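Here are a few exercises to work through with the model open. Try each one yourself before reading the solution.

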Amino acid sequence: MDFRAVGNEPGWHLEVTAGEKIVFVGDYGNIRYAFDTPEPLIDQRSRMTTYKVKGAKHELSIMIEGRPCNDSMSHEPFEATVSVVLDGKKYRGCGKARH
């Protein structure tokens, strides 16, 4: 796994593995979706990385901003602020590279 993000209310997490899969687990583990990992759109100036995936039944968009974030429950510091949109539902959280 190259990148992991987490969020709360409802609890969710996201794992991105380049060249393999993006896995989104939401609603405290009650839903799970896997998508082939597309090439990211990277904007060095704004420190933003975006992934967009459209499957047969679901659509996922991930925006990773290179700005610090603290988990809203644990207050753990992370290196990135993450926004996820799955089928129109928005999730916000924090993440970090895993390498």
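**Exercise 1.** Work out in which loop Pro10 is found, and what kind of peptide bond joins Glu9 and Pro10.

Solution. Start with the place: Pro10 is in the loop between E1 and strand E2 (12-16), where strands (E, at least two residues) are DSSP runs numbered from the N terminus. Now check omega: at about 0°, the bond joining Glu9 and Pro10 is cis. For context, most peptide bonds are trans, and most residues other than glycine have a negative phi.

Before going on, a note on the model: it is predicted, so local features need pLDDT of at least 70 and side-chain atom pairs count only at pLDDT 80 or more, while totals for chains, interfaces and linings use all residues. Residues are numbered from 1 along each chain as its sequence is written, and side-chain values use heavy atoms, with hydrogens and water left out.

**Exercise 2.** Find where Asp27 and Arg47 sit, and say whether each is buried or exposed.

Solution. Take Asp27 to begin with. Its place is the loop between E3 and E4, a hairpin with 4 residues between the strands. Phi of Asp27 is positive, near 50°. With a relative accessible area of 35%, Asp27 is partly exposed (buried means under 20%, exposed over 50%, partly exposed in between; 1.4 Å probe, protein chains only).

Next, Arg47: look in the loop between E5 and E6. Arg47 isn't a glycine either, yet its phi is positive, about 55°. At 53% relative accessible area, Arg47 counts as exposed.

**Exercise 3.** Trace the order of the strands in the open sheet and pick out the edges.

Solution. Pairing comes down to DSSP finding at least two bridges between two strands. Follow the partners and you get E4-E3-E2-E1-E11-E10-E7-E6-E5, an open sheet of 9 strands with antiparallel pairing. E4 and strand E5 (41-43) each have a single partner strand, so one side of each is left without a neighbour in the sheet.

Then zoom in on two pairs:

- E3 (residues 21-26) and E4 (residues 31-36) run antiparallel and are joined by 6 bridges; Ile22 stands opposite Phe35 in E4.
- E1 (residues 3-7) and E11 (residues 89-97) are antiparallel over 5 bridges; here Val6 faces Cys94 in E11, standing opposite it.

**Exercise 4.** Which strands each supply at least two residues of the lining of the largest pocket?

Solution. They're strand E6 (48-54) and strand E7 (59-65). E6 gives the largest share, 3 residues.
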